[in-house]
Amino acid sequence: MKSQEELKKLVEDCANNKRRAQEELFKMFYGKMLAVCLRYMHDNDTAQEVLQQGFIKVFDKIEIFDFKGSLEGWIRRIVTNTAIDAIR
């Protein structure tokens, strides 16, 4: 796992639309967040679609992440809400 300073740099780079940083963040949390999506969606294709939508939201809002909580928890909340929205 990355140190707090490395995570701050990664988040900053993602906020500045650096594609490699966004790819790194996506790969870092892909497995855990796909598992979250699979709890809500019952097929793999739909779960991956929801995961993609969730990460689009993450990258749109990442500049407001303030490191007061965990980055993983913040991403998980966005992905969970995206899955719930997809069910509605």
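Met-33 counts as buried because its relative accessibility is 0%, where buried means under 20%. In this predicted model, Met-33 is found in helix α2, which covers residues 19–40. Not counting residues up to four places away in sequence, Met-33 touches Leu-51, Phe-55, Glu-72, Ile-75, Arg-76 and Val-79. Gly-54 stands 21 residues from Met-33 along the chain, and the C-alpha atoms of the two are separated by 9.2 Å.

**The chain as a whole**

The secondary structure of the chain comes to 4 helices and 0 strands, and read along the sequence it follows the pattern α-α-α-α. The radius of gyration is 13 Å, close to the 12 Å that the globule rule gives for 88 residues, so the chain is as compact as a globular protein of that length. Along the principal axes, the C-alpha atoms fill a box of roughly 35 × 25 × 20 Å.

Of the 88 residues in the chain, 36% are buried. Among the contacts with a separation of 6 or more, 61% are made by residues 24 or more positions apart. The accessible surface of the chain comes to about 5700 Å², and carbon and sulfur atoms account for 49% of that surface. As for charge, the chain has 15 positive and 14 negative side chains, with the centres of the two sets lying 3 Å apart.

**Two further buried residues**

Thr-80 lies in helix α4, which covers residues 71–87, and Thr-80 counts as buried because its relative accessibility is 9%, where the limit for buried is under 20%. The side chain of Thr-80 reaches the backbone oxygen of Arg-76 at 2.8 Å. Arg-76 is also one of the residues that Met-33 touches. Leaving aside neighbours within four places in sequence, Thr-80 is in contact with Val-36 and Tyr-40.

Gln-22 lies in helix α2 and is buried, with a relative accessible area of 7%. The side chain of Gln-22 has a polar atom 3.4 Å from the backbone oxygen of Cys-14, and a polar contact of 2.6 Å joins the side chains of Gln-22 and Arg-19. When neighbours within four places in sequence are left aside, the residues in contact with Gln-22 are Cys-14, Asn-17 and Phe-59.

The polar distances described for Thr-80 and Gln-22 are set out here.

| Side chain | Partner | Distance |
|---|---|---|
| Thr-80 | Arg-76, backbone oxygen | 2.8 Å |
| Gln-22 | Cys-14, backbone oxygen | 3.4 Å |
| Gln-22 | Arg-19, side chain | 2.6 Å |

**Loop residues with positive phi**

Asn-17, one of the residues in contact with Gln-22, is found in the loop between α1 (4–15) and α2. Although Asn-17 is not a glycine, it has a positive phi of about 60 degrees. Asn-17 counts as partly exposed because its relative accessibility is 49%, and partly exposed is the class between buried, under 20%, and exposed, over 50%.

Phe-67 has its place in the loop between α3 (44–61) and α4. Phi of Phe-67 is near 60 degrees, which is a positive value in a residue other than glycine.

Note on methods: Residues numbered from 1 in each chain as written. Predicted model: local features only at pLDDT ≥ 70, side-chain atom pairs only at ≥ 80, totals over all residues. Heavy atoms only, no water. Helix = DSSP H or I, 4+ residues; strand = E, 2+ residues; numbered from the N terminus. Buried < 20%, exposed > 50% of the residue type's maximum accessible area, 1.4 Å probe, protein only. Polar contact = N/O pair within 3.5 Å; in protein donor to acceptor, adjacent residues only side chain to side chain. Contact = heavy atoms within 4.5 Å. Rg over C-alpha atoms; globule rule 2.2 N^0.38 Å. Areas by Shrake-Rupley, 256 points an atom, 1.4 Å probe, with all protein chains shown as cover. Lys, Arg positive; Asp, Glu negative; His and termini not counted. Charge placed at Lys NZ, Arg CZ, Asp CG, Glu CD.
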